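Work through the exercises below with the coordinates open. Each task is followed by a solution in steps.

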Amino acid sequence: MTQYVYRFGGGMDADGAPSDKTEARNLLGGKGANLAEMANIGLPVPPGFTISTEMCTRYYAEGGQYPDSVRDEVAQGVAHIESVTGKKFGDPADPLLVSVRSGARASMPGMMDTVLNLGLNDETVEGLARTSGDERFAWDSYRRFIQMYSDVVLELDHDAFEEALEIIKEDNGFFTDTEMESQHWKALVSEYKDLVVKLWGKPFPQDVNDQLWGAVSAVFGSWQAERAKVYRRLNDIPSEWGTAVNVQAMVFGNMGETSATGVAFTRNPSTGESLYYGEWLINAQGEDVVAGIRTPQYLSKAAREEANAKPLSMEEAMPETYKELAAVFDLLERHYRDMQDIEFTVERGKLWMLQTRNGKRTAKAALKIAVDMAHDGLISEEEAVLRVDPMALDQLLHPTLDPEAKRDVLTTGLPASPGAASGLIVFDSDTAERRTEMGDDVILVRVETSPEDIHGMHAAKGILTARGGMTSHAAVVARGMGRPCVSGAGTISINNETKVMKVGDRELREGDMLTIDGSNGQVMVGRVATIQPELVGDFGVLMVWADKVRRLGVRTNAETPLDCQVARDFGAEGIGLCRTEHMFFDSSRITAVRQMILAPDEKGRRTALAKLLPEQRDDFRQIFEVMVGLPVTIRLLDPPLHEFLPHHQSEFEEVAKAADVGVETLKQRANELHEFNPMLGHRGCRLGVTYPEIYEMQARAIFEAACEVAEKSGEAPIPEVMIPLVATARELQLMKDVVDRMAKEVFAEKGREIEYLVGTMIELPRAALMAGEIAEHGEFFSFGTNDLTQTTLGVSRDDAGRFLTQYVDKGIFPRDPFVSLDIEGVGQLIEIAAERGRAARPGIKLGICGEHGGDPASIAFCEKTGLDYVSASPYRVPIARLAAAQAALSKAD
């Protein structure tokens with residue numbers, strides 16, 4: 001019989017769980033595995049049990065039902081907690097209370113459900129009051145439980161309960177929850193129970209076992225909540241993993257002035273500094289900290305003094321417990337060999353550990369922590385390379401605010417996630433998503449964020465909250481996403497109905513421009529100028545380590561001197577794709593391009609091409625000067641000609657004047673060039689076959705520019721002339737003949753020869769299948785995965801946004817195939833082409849130049865397939881370098 005429940009704490013050993021850490025995490029989820037491990041190394045962990053991820057999978061497969069064996073195992077798990085604590089579940093005299101929490105194998109902070117104080121009812125609350133000697137605490141815990149259970153399990157209106165709480169506080173003149181006494185909590189419990197009857201139609205559940213199974217099902221159910229699905233999609237977490245459920249004896253941070261709760265990191269998750277970082281609250285429970293219900297206090301004295309805050313830090317208010325906690329921090333970081341994110345509770349002076357996990361961190365912090373730990377000997381250089389998420393480097397490539405720029409500072413909050421952003425104010429996540437789709441940059445402004453805001457936080461350039469601390473939901477999620485965030489800006493008043501935010505007598509409305517600086521907490525009116533980042537220090541060190549182990553070359557997709565220089569500064573080893581059509585859209589030459597396209601014969605085209613030759617030669621000269629000594633792959637003209645055609649009367653008149661022909665003649669010619677499906681029409685090498693003079697001009701410009709740069713610099717670039725959209729070997733043969741003939745002519749004229757290659761872009765399924773024949777003429781293949789994905793899947797990239805999200809959610813594709821390579825389908829074609837191409841031409845150069853060249857999962861496939869290089873956009877070159885190193889290390893394992 002399959003075991004689904006695994007106990008921990010109270011001296012319990014592994015209880016049948018795998019000894020391998022990865023297997024344990026997969027089975028028990030990250031939280032469950034770490035709770036068991038902390039208990040096994042002797043840390044104070046409340047006893048509990050974990051219902052495995054395998055049960056989650058079965059739960060969904062069997063329509064939300066549980067086998068009798070699991071109910072028996074859960075009963076044994078409850079008995080285990082009872083035996084350790086000496087309390088009984090549902091006992092009116094001395095009740096056991098438990099928490100029910102989620103825990104997937106990958107951390108998903110705030111995305112799934114939690115229920116605390118479970119086991120309270122009208123009878124057990126009286127027992128809790130007697131055994132604790134604190135009636136206020138008991139009734140506070142009961143109202144918390146009703147409110148949380150009604151929200152999470154019964155799915156009742158959360159705001160209705162919040163409103164009832166606010167009303168009773170206002171009626172009594174209270175500002176904070178801590179001012180409420182037992183009689184106030186009793187009255188609120190009565191109000192809450194009436195609300196449940198009103199909204200649910202039935203009384204609040206009193207049977208503790210019904211409460212438990214309701215909470216377990218709610219946690220399993222939250223795996224498929226919309227916010228969880230969005231988070232998984234954003235972070236490439238497979239839906240089939242499922243979540244575990246952790247049931248654990250409650251410990252209470254709300255039992256008076258000697259009790260507290262907190263969240264801490266063993267290092268600063270924003271900067272990576274080796275300083276304890278966290279927040280705590282006296283007389284509170286965990287959700288008060290992470291949900292931003294109360295603005296918490298600083299953990300250490302130094303942090304409090306730096307922030308100029310008045311409430312005492314934990315180090316000052318509870319020095320002995322803080323000292324014990326600091327020792328636990330050091331132990332856990334050494335044990336897990338990584339920065340830890342820890343939740344703890346102090347119950348009447350006793351410290352309890354409720355969670356540890358590898359902490360979410362910014363890219364800057366990830367770099368510093370990895371490099372520092374390697375320097376300290378805690379991990380190796382190779383492990384340091386594997387510790388940094390390549391996509392997180394994107395955070396470091398964003399601009400920061402210019403320190404010299406004028407700032408109209410509205411207020412200052414907590415610097416929750418570094419970076420700076422400007423955008424239009426929006427007050428809800430749906431609007432943030434909608435405005436972003438319209439092309440606007442937005443700042444999401446909320447009183448506090450909740451997991452339901454995940455899609456708006458992803459859409460926004462930055463997040464601003466009036467409540468919450470450095471470890472609130474907004475802060476943790478923003479850091480994980482790389483979004484700037486300012487939290488706890490308490491002077492801001494937000495009216496969601498009128499879409500207005502106020503600070504003092506200043507008022508801003510939805511759509512007004514706002515700037516936030518997540519590095520210092522400043523909130524500024526208007527847009528503030530930015531400066532480009534400098535990637536030095538830890539970044540440079542890690543890149544050196546990465547390049548030591550990297551096998552794949554990394555090039556860039558670029559066609560302007562500026563982009564080429566940026567990419568070379570980021571470590572690009574050449575250009576993998578230079579799109580020449582982008583050069584043709586320049587305002588100084590578009591008329592000549594249109595004259596060439598609309599010309600009725602070869603003579604007219606050659607007349608127009610003669611005007612373009614010096615311009616095109618200068619384009620290539622500038623690129624070659626930046627990339628001197630490195631390979632430069634130049635794709636000859638690819639898009640259908642209609643993209644360059646005039647649309648307005650004034651544009652036709654301009655071309656008519658340049659070509660000395662009538663406007664109506666040009667319009668007739670434009671109609672003749674119209675195509676019903678231009679993506680599969682007269683484009684790519686088909687242009688070169690029908691109008692070889694176009695490719696002649698481009699090839700001549702390439703070789704003349706290369707010879708000029710070689711003469712001036714003494715070092716020649718290495719042009720790689722790429723023929724696009726080839727489907728047959730004969731097409732490539734014809735176009736290679738054109739390029740070779742131009743090279744021969746130019747070399748004779750210049751009196752020098754330079755090394756060059758002629759190859760093709762593999763972007764059609766037929767080309768991949770016929771790669772052996774094509775390789776007889778092509779000296780390199782570059783896989784154009786953008787079009788190869790379109791032509792293989794039969795899906796238009798420009799139109800797929802309407803349905804691809806649903807395809808990913810329903811498991812048809814594991815992820816967007818235009819973002820991460822479809823390895824099963826498109827990948828198989830690449831493998832076939834690589835194998836057949838190498839068989840026909842040993843040593844043929846193979847690369848990838850679509851957008852997938854900057855995607856870590858796609859790069860891992862390229863490493864496995866043995867390609868020679870990947871090519872990415874300039875700002876993704878560092879990402880590709882690190883991902884290529886990680887792929888090499890993973891392959892070696």
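Buried means under 20% relative accessible area, exposed means over 50%, and partly exposed lies in between. The model used throughout is predicted.

**Exercise 1. Cysteines**

Task: Determine how many disulfides the model has, and state whether Cys-564 is buried or exposed.

Solution.
1. A disulfide requires a pair of cysteine sulfur atoms within 2.5 Å.
2. For Cys-564, the closest cysteine sulfur belongs to Cys-578 and lies 6.7 Å away, which is too far for a bond.
3. Cys-578 is likewise in no disulfide, its nearest cysteine sulfur being that of Cys-564.
4. Under this rule the count is 0 disulfides.
5. Cys-564 has 0% relative accessibility, so it counts as buried. Cys-578 also counts as buried, because its relative accessibility is 0%.

**Exercise 2. A helix pair**

Task: Classify the crossing of helix α2 and helix α8 by angle, and list the residues that make the contact.

Solution.
1. Helix α2 covers residues 53–61 and helix α8 covers residues 208–222; their axes come within 10 Å and cross at roughly 85 degrees.
2. Angles of 65 to 115 degrees count as roughly perpendicular. The two helices, α2 and α8, are therefore roughly perpendicular to each other.
3. From α2 the contact uses Met-55, Cys-56, Tyr-59 and Tyr-60, and from α8 it uses Ser-217, Phe-220, Gly-221 and Ser-222.
4. Sorted by class, the contact of α2 with α8 has 5 nonpolar residues, 3 polar and no charged ones.

**Exercise 3. The sheet of 8 strands**

Task: Give the strand order of the open sheet of 8 strands, and identify its edge strands.

Solution.
1. The order is β14-β24-β23-β16-β17-β18-β19-β15, and the pairing is mixed.
2. β14 (409–412) and β15 (414–417) are the edge strands, each pairing on one side only.
3. From one strand to the next, the twist averages 30 degrees.
4. At the β14 edge, 3 bridges connect β14 to strand β24 (residues 522–525), and the two run antiparallel. Val-409 has Met-524 of β24 as its bridge partner.
5. Helix α16 (residues 429–437) packs on this sheet and touches β16 (420–426) and β17 (442–446); the direction of α16 makes about 175 degrees with that of β17.

**Exercise 4. The sheet of 5 strands**

Task: Find the edges of the open sheet of 5 strands, and describe the pairing of β11 with β12.

Solution.
1. The strands are ordered β10-β9-β8-β11-β12, with antiparallel pairing.
2. The edges are β10 (297–298) and β12 (350–358); each has a single partner strand, so one side of each is left without a neighbour in the sheet.
3. Strand β11 (residues 340–347) pairs with β12 in the antiparallel sense over 8 bridges. Asp-341 has Arg-357 of β12 as its bridge partner.
4. Helix α13 (residues 319–336) lies across β8 (260–265), β11 and β12, at about 30 degrees to β12.
5. Elsewhere in the sheet, Tyr-277 is found in strand β9 (residues 277–282). Tyr-277 counts as buried because its relative accessibility is 10%. Tyr-277 and Arg-267 are 10 residues apart in sequence, with a C-alpha to C-alpha distance of 6.0 Å.

**Exercise 5. Positive phi**

Task: State where Arg-348 and Lys-499 are found, and what phi each has.

Solution.
1. Most residues other than glycine have a negative phi.
2. Arg-348 is not a glycine, yet its phi is positive, at about 50 degrees. Arg-348 is found in the loop between β11 and β12, and with 43% relative accessibility it counts as partly exposed.
3. Lys-499 also has a positive phi, near 60 degrees. Lys-499 is found in the loop between β20 (493–495) and β21 (500–503), and its relative accessible area of 26% makes it partly exposed.

**Exercise 6. Strand β33**

Task: Sort the side chains of strand β33 by direction, and give the bridges that join β33 to β26 and to β32.

Solution.
1. In a regular strand the side chains alternate between the two faces of the sheet.
2. In β33 (residues 869–872), Tyr-869 and Ser-871 point one way, while Val-870 and Ala-872 point the other way; all are buried.
3. Strand β26 (residues 553–557) runs parallel to β33 and is joined to it by 4 bridges. Gly-553 has Tyr-869 of β33 as its bridge partner.
4. Strand β32 (residues 845–848) also runs parallel to β33, with 2 bridges. Here Ile-848 has Val-870 of β33 as its bridge partner.

Conventions: Residues are numbered from 1 along each chain as its sequence is written. This is a predicted model: local features need pLDDT of at least 70, side-chain atom pairs count only at pLDDT 80 or more; totals for chains, interfaces and linings use all residues. Side-chain values use heavy atoms; hydrogens and water are left out. Axes are lines fitted to C-alpha atoms, for helices over the stretch in contact, and angles run from 0 to 180 degrees between N-to-C directions. Angles under 35 degrees count as roughly parallel, over 145 as roughly antiparallel, 65 to 115 as roughly perpendicular and the rest as oblique. Contact means heavy atoms within 4.5 Å. Ala, Val, Leu, Ile, Met, Phe, Trp, Tyr, Cys and Pro count as nonpolar, Asp, Glu, Lys and Arg as charged, and the others, Gly among them, as polar. Buried means under 20% relative accessible area, exposed over 50%, partly exposed in between (1.4 Å probe, protein chains only). Two strands pair if DSSP finds at least two bridges between them.
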